[in-house]
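Colleague: I have the model open on my screen, so please walk me through it, starting with how you decide what pairs with what.

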Amino acid sequence: MAVALALVAFVAPVTASAQDATPDTVAMPGIEIALRPERDKAGNVESVLVTFQITDTVSVAPILEFRAPIELNNIPGIADRIRGFRVDDSIGAVLMTRTDDSVEASGSGYIRRWRTARSVTFPVTVNYRAIVPPGRLRGGPPIDLRTFAGGVSGGGAGFLALLQDARQYRVHVHWDLRALQRGAVGSSSLGDGDADATMTPADLQSSWFMAGPLGRYPKGGNATGFSAVWLGSSPGLDLRADMAWAAKAYKSLATFFGDTAQHPYRFFLRILPESTTSGGTAGNRSFMLQIPVRPPGSASDGAGGLRSIVAHEMIHGWAGSFQGAGPWASEGLATYFTANLQRRLGLQPIKAFVAELNRLSEQYNGNPYRNATSEAARAAFWADKNGELLPYVRGSLYFFTLDAAIRQASDGERSLDDILLELFARRADGETITVRTFTNALVKVLGRGVAAQLDSVVVRGTKTVFVPPDAFGPCFTHTWTQVVVPDFAFDRRTPDVQTVVGLVPSSAAAGAGLRNGDVVMTPVAPELLVSDKVQQVKLDVIRNGESLYLTYMTEPMINESWQWSRVPGVSLAVCRGAEPPVTESPPTHASAKHAPSKHAPSKHAPSKHSPSKKGAPPKRRARGSP
């Protein structure tokens, strides 16, 4: 699953004002960026020489301030790897002062500031070297500079010390690739090769940069639609076929969302042997995905995987979020549309849709944060994968239930898509769409309890989502199954150390004395944490420098979940959402108001798949949350 995260913008809306400014003939300030990768003897990129040439609409400014994150979204040491920071103007070298935020300045990052000690006259030149670390220092979004396959990649937030200014700039990016192998090319969110754009420094921060022996789709690039570049290769992927699929999907999705303007969307992919999991981040009209090298035989076969990640990230650009909402809205909407539209538009086989429903069901009902508040899950985002997953799975399942309820309440005349597309159109016309705007639209169909239900499900977590078995029409249904809720997890920020996080207070591990922050010295297989077998566990633990020995019998915590399946005999067209055929029957005195609609869920007797008291009883019901 992609980890679609918003980059924290450190650029504040403060303009570099002029002191005794003399008007210039320049209509808009400009930034020319020259990027020159440097390689070591082994052929890896060890640094990037960065040069800014800044012009302005004024001749003189009393002070300029440049910023770079010291740490951002769990990626440490970004500003520390900026070496030799120097500023010159038309007079000469400019003395600089440097200040750092405290570590506690922000929950997601803190920054370094470079300020000029005197007024400056334009043009101003900035030079420094951004060092590429020898390996990934910590898990997080792919903003950090990384080298592989003779090239380099990263996000603007990962190596650019940017001017503090909220104005629009004429930006030009120039690649100097003389140090790379012959045939190397550069690409960025602005375009292939040397590229121009009008943007703010914050837009530059959320842009992506990649240079080297890049793979490209299409070969000549695409300035008006989907295009992709990638660095590295994997025997388990057919990237050209996947990107050809993505280009087709882009057109279909744009049509669905009513996007008649041909906006460019650029997809960046870096394949790193050091990565163990996939993860990515959306940027300025673009997306960067980082994946591990996959073995032969694990290529995309249409059953989700890389293709679903690409679709998810493209959909973010159209669906967006509601103002004031948390990630349950942005990630929930993208996940909801990704599953449903790939099914309805024929972009993935039906088995991929079934697999996605089962994945969402398992990751929700087996999640220790299932009934936690959004804030509690967000606080655990970087430490515990379950905290990261919650807004994706809980948000999307909530939207699935809304869709089923709207179709039922409107007798098939309306769907959630109808409501959302109307709101998106109003947003495109300049209206601010808030959570209240969304719930007000729902009230017209579902009644006054909608806002309270939303709050209880996705904000406070006091109500558990249930997707009815007929939510997707007559082609799909579910039976009940059981999933194990893990007692605890290990902090993924320190993969080499087993540090306990996400401990469920009611778990057997907590009852035995285990605590969050304990370092477990005994090797623990990941399978043990989600095993439904009762077994004895022995743990050597370090707590505050002291050694402890814990032993206990596991009591697997069980939640009921759903196992979705395709109903045999239903046509593919109906499975994709087409109107089921109508069987002719003699007229009755109580004729239906409307003909069957393609939006209507199947109406049959109460499901035989309601929770059963028969079979193996749960070993222990999951209670509480970390």
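Modeller: Two strands count as paired if DSSP finds at least two bridges between them, and the strands themselves are DSSP runs (E, at least two residues), as helices are (H or I, at least four), numbered from the N terminus. This is a predicted model, in which local features need pLDDT of at least 70 and side-chain atom pairs count only at pLDDT 80 or more, while totals for chains, interfaces and linings use all residues. Residues are numbered from 1 along each chain as its sequence is written, and side-chain values use heavy atoms, with hydrogens and water left out.

Colleague: OK, so what does β6 pair with over two bridges?

Modeller: β6 pairs with β7 (residues 93–94) in the antiparallel sense, and Asp-88 stands opposite Ala-93 there. The hairpin of these two strands has four residues between them, and Gly-92 takes a positive phi near 155°. β6 (residues 82–88) also pairs with β11 (residues 124–131), again antiparallel, over five bridges, with Val-87 opposite Val-126.

Colleague: And the sheet with β28, β29 and β30: open or closed?

Modeller: That sheet is open, with three strands in the order β28-β29-β30 and antiparallel pairing. β28 (519–520) and β30 (546–553) each have a single partner strand, so one side of each is left without a neighbour in the sheet. Eight bridges join β29 (residues 536–543) to β30, and Val-541 has Leu-548 as its bridge partner in β30.

Colleague: Switching to aromatics, how many pairs are there?

Modeller: The structure holds 33 aromatic pairs, where rings of Phe, Tyr and Trp (its six-membered ring) pair if their centres lie within 6.5 Å, and planes under 30 degrees apart count as stacked, over 60 as edge-to-face and the rest as tilted. Among them, Phe-256 and Phe-257 are edge-to-face, 5.0 Å centre to centre with 90° between the planes, and both residues are buried (under 20% relative accessible area, with exposed over 50% and partly exposed in between, for a 1.4 Å probe and protein chains only). Another is Trp-328 with Tyr-398, also edge-to-face, at 6.4 Å and 80°.

Colleague: Where do Trp-328 and Tyr-398 sit?

Modeller: Trp-328 is in helix α4 (residues 327–344) and Tyr-398 is in helix α7 (residues 385–409), so the pair links distant parts of the chain, 70 residues apart. Trp-328 is buried at a relative accessible area of 7%, and Tyr-398 is buried at 1%.

Colleague: Tell me more about α7, please; where does it bend?

Modeller: α7 bends by about 25° at Pro-391, the bend being the angle between axes fitted to the seven residues ending there and the seven starting there. Of its 25 residues, 21 are buried, so α7 is largely enclosed by the rest of the structure.

Colleague: Which residue caps its N-terminal end?

Modeller: Asp-384 does, with a side-chain oxygen 3.0 Å from the backbone nitrogen of Asn-386. α7 is followed by Asp-411, whose phi is positive, near 55°.

Colleague: Last one: is Asp-176 buried or exposed?

Modeller: Asp-176 is buried, with a relative accessible area of 16%, and its place is in the loop between β15 (169–175) and β16 (185–188). Its side chain makes a polar contact with that of Arg-178 at 2.8 Å, where such a contact is a pair of N or O atoms within 3.5 Å; within protein, one must be able to donate a hydrogen and the other to accept it, and residues adjacent in sequence count only if both atoms are side-chain atoms.
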